[in-house]
Amino acid sequence: MAALTPSSSPAAASSPLLARIYTRASSSSSRPSLLASATRPSPLSKSNPIPRYSFRILASANGSSSSSGRRSATEEEMTIESSVRLAGGELSVRGRAVLSGVPDAVSAASAAARGPVDGVFLGADFAGPASRHVVSLGAMRGVRFMACFRFKMWWMAQRMGVKGGDVPHETQFLLVESKAAGDSEEETSYVVFLPLVEGAFRASLQGGGAGGYELQLCVESGDADTLASSFERALFVGAAESDPFAAIAGAVAAVRSSLGTFRPRAEKKLPGIVDYFGWCTWDAFYQDVTQEGVEAGLQSLAAGGAPPKFVIIDDGWQSVGTDKPNPEDDPAAEAEKPQRLPRLTGIKENSKFQSGKGAAAAGIETLVRAAKEKYGLKYVYVWHAITGYWGGVRPGVAGMEAYRSKMQFPKISPGVAENEPNMKTDVLTLQGLGLVHPHAVHRFYDELHAYLAAAGVDGVKVDVQCVLETLGAGHGGRVQLTREYHRALDASVAKNFQDNGIIACMSHNTDSLYCSKQTAVVRASDDFFPREAVSHTIHIAAVAYNSVFLGEFMLPDWDMFHSLHPAGDYHGSARAISGGPVYVSDAPGKHNFELLRKMVLPDGTVLRARLPGRPTKDCLFADPARDGVTLLKIWNMNRFTGVLGVYNCQGAAWSSAEKKNVFHDAGGAGAGAGALTCGVKGRDVHLIAEAATDGGAGWSGDCAMYRHAGGDLVVLPDGAALPVSLNVLEHDVLTVSPIKDLAAGFRFAPIGLVDMFNGGAAVEGLTYSVLVDGDGMTTEAVGQVCMEVRGRGRFGSYSSVRPRKCTLGSAPVEFSYDASSGMVILELESMPKERVHKIVFEL
């Protein structure tokens, strides 16, 4: 590939940024000087603090909205002063210092130019051009933070701390709580640090320096010949009062407006698999998957009453081969070398998936047809690496010449090497990868995906994505190579898989996130490891905290799991409230159908929550894996209820000293740690007011709370807490339903299918009516509750009085009522003939 220079790049003329970043073409080529100028005017230097700025807003004429939800809008001009300021060597939020001693090399540019966003972009000047720079951002102290950092090249995990030096290398998201002593919760500010992609460079945060308080910004291109000396928007710092989730969403929106290179989750089409139960072949067969094995797994699950509606045929279906040894090498020495890395040798399936002989061989198409016609599946996905296979595409293979594959050896960044030092000696690093040329990758993806689509395949799980950051040398750097590959991948998926059938995997670098326009589902953490006891609590904590950041870009997928496993319920309940896809990797015949019935309806659909599951506000800065006192609470929303999962994740975590997951208590696996207790409140479900009818208007804040583990129902007044106690690897799931006051003494709240983890999602329609006569006096029947309910099983509700009657469709039905708790139970004996049951209670 010809190296890009400012004069040869098509975008250079229109982009002042690209004019400051160049790729070295040759030693004799001329290039502009990129040395930092001592007099370079900063967009916003510390001697020129962030100014006030104006923007136009739509405001209600009378300051409130009408009952119909429509606003009578007028435009007013407002002048807003940003609460995030860099002045006098201090970055402050609402007058409170977040960073002190900020060097003169660091400059700020207001985000106001691109909309009403409370935040700033930070950049820095350096003495000369380089492919990697590290600059101090000053000291951070007196705060609490939660960081999402890459503990492996492929995956993020969470880390909490109180000062800058606690921030790990490769931190890609930093949420900071800032409050003065004695501040009320309402006056707390939540500050979001988002290291960005600027031109050919990608930024990250890390602690460093003397004293343990310094926060540093690292920018790197991943290519020794792609250099720069000056950056204007390498880091965004945004803030919001009271609401950390609003701060995060606002910060990502500001970055999207500035970069214009990605789309947020809310604007992407979710593939159909997210609403169905599925099965993945990986932990069932690993690379020994066969057509017969796939059919056995599908038949086994369907026969037990948990019919999968999608399957992911993981690694093991492709045509691959290892490099041939050099005939001149010593055979004895060759035998002692690590196993050779397989590489892709063709886009078609391997012999295990060929049926018939010669021209009659139908390949993977036969399996796809059987899955859909014989076992009733709606979707079939297959796996492939973003480079084709783990070792890429083998150069020089007959029939693959058009892809122009060339061997390239990964260069591991210093930050990744700090957290995962074994990557420097990984087989991929040592044996290299056959990289499809960036100019040929469009063709590669299109031909691969077109072949699969013609066979009936509906989508792909695209793995090993972060490897691209190590291969940028000679291609304009890591960011440029990643963009080129993702542009090609997006185009091919849009063309060949109409349901937007793609799952991103091993893709947790911001190089990928900030160029994601198409992919709507992303694996949320490192794998489910069925045989690693240390991994299970770590997994649940990681998926929840990573979803805080990842969930702004895509729908997090909390990974497959085994239903028949000592931690099966622990994992399964988390998947059920995650908001993402639900699928297992059980071996044929090894299933826990009692567990699966808590997650899967008889028609193969799941009761999916509406948002990415995330830790509750009071857990964001606690450390439920390490501190020995915190239970992790995870919240999510349904249309008319909320759901809370409570998990004891203590006892194990990633060790920064040992560079691996370890037990950190005396007995291992939390042995002897004893039960921990937390309080659970209705408003722990962050948006629970939105589940109340009439948009929460007139809602008292009281909730009915149903505990799945004990089957008990309690009425929780606003602000009251229900104690929950759990040992390590224990969990509980609670349905939270806003109580409607129809009249004095008459209260009601739907619970849902009480035998399913997220049974509240079964309620798809809810209306309340107060029955009065023409004189305004109540009749014998005070109120009526009409519900539309999906699914089958025991349907529960809270009622302060025994209902007068209940109808299912147009027919009266029996129900039970427990006066002590207010629990009403109605048996839905079959799936609805149409989409929903119509249930009416009269009070």
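These legends accompany close-up views of a predicted model.

**View 1. A five-stranded open sheet with antiparallel pairing.**
The strand order is β40-β41-β44-β48-β47. β40 (740-743) and β47 (816-818) stand at the edges. Each has a single partner strand, so one side of each is left without a neighbour in the sheet. Neighbouring strands are turned against each other by 25° on average, direction ignored. Strands of a sheet pair through backbone hydrogen bonds, either parallel or antiparallel.

**View 2. The β40 edge and its hairpin with β41.**
β40 pairs with strand β41 (residues 746-753) in the antiparallel sense. Three bridges join the two strands. A743 stands opposite F746 in β41. Two residues lie between β40 and β41 in this hairpin. G745 sits in the turn and has a positive phi of about 85°.

**View 3. The β47 edge, paired with β48.**
At this edge of the sheet, β47 meets strand β48 (residues 823-828) in an antiparallel pairing. The pairing runs over three bridges. D818 stands opposite M823 in β48.

**View 4. Helix α3 packed with helix α5.**
Two packed helices are described by the angle between their axes and the distance between the axes. Here the axes of α3 (residues 291-303) and α5 (residues 364-373) come within 11 Å. They cross at roughly 10°. Angles under 35 degrees count as roughly parallel, and α3 and α5 are therefore roughly parallel to each other. From α3, the contact is made by Q291, V294, E295 and L298. From α5, T366, L367, A370 and A371 take part. By class, the residues of this contact are five nonpolar, two polar and one charged.

**View 5. The largest cavity and its lining.**
The model holds six cavities of 30 Å³ or more. The largest cavity has a volume of about 180 Å³. It is lined by 19 residues. F151, I538, H539, A542 and N661 lie nearest its centre. The lining of the largest cavity has eleven nonpolar, five polar and three charged residues.

**View 6. Elements that supply the lining of the largest cavity.**
β11 (156-161), α11 (535-550) and β33 (652-655) each supply at least two residues of this lining. Which element gives the most to the lining? α11 does, with five residues.

Note on methods: Residues numbered from 1 in each chain as written. Predicted model: local features only at pLDDT ≥ 70, side-chain atom pairs only at ≥ 80, totals over all residues. Heavy atoms only, no water. Pairing = 2+ DSSP bridges. Helix = DSSP H or I, 4+ residues; strand = E, 2+ residues; numbered from the N terminus. Axes fitted to C-alpha atoms, helices over the stretch in contact; angles between N-to-C directions. Parallel < 35°, antiparallel > 145°, perpendicular 65-115°, else oblique. Contact = heavy atoms within 4.5 Å. Nonpolar A, V, L, I, M, F, W, Y, C, P; charged D, E, K, R; others polar. 1 Å grid on protein atoms, 1.4 Å probe; cavity = no way out; pocket = protein on both sides within 12 Å on 5 of 7 lines; lining within 4 Å. Points joined across faces, edges and corners; volume = space filled by probe spheres on them.
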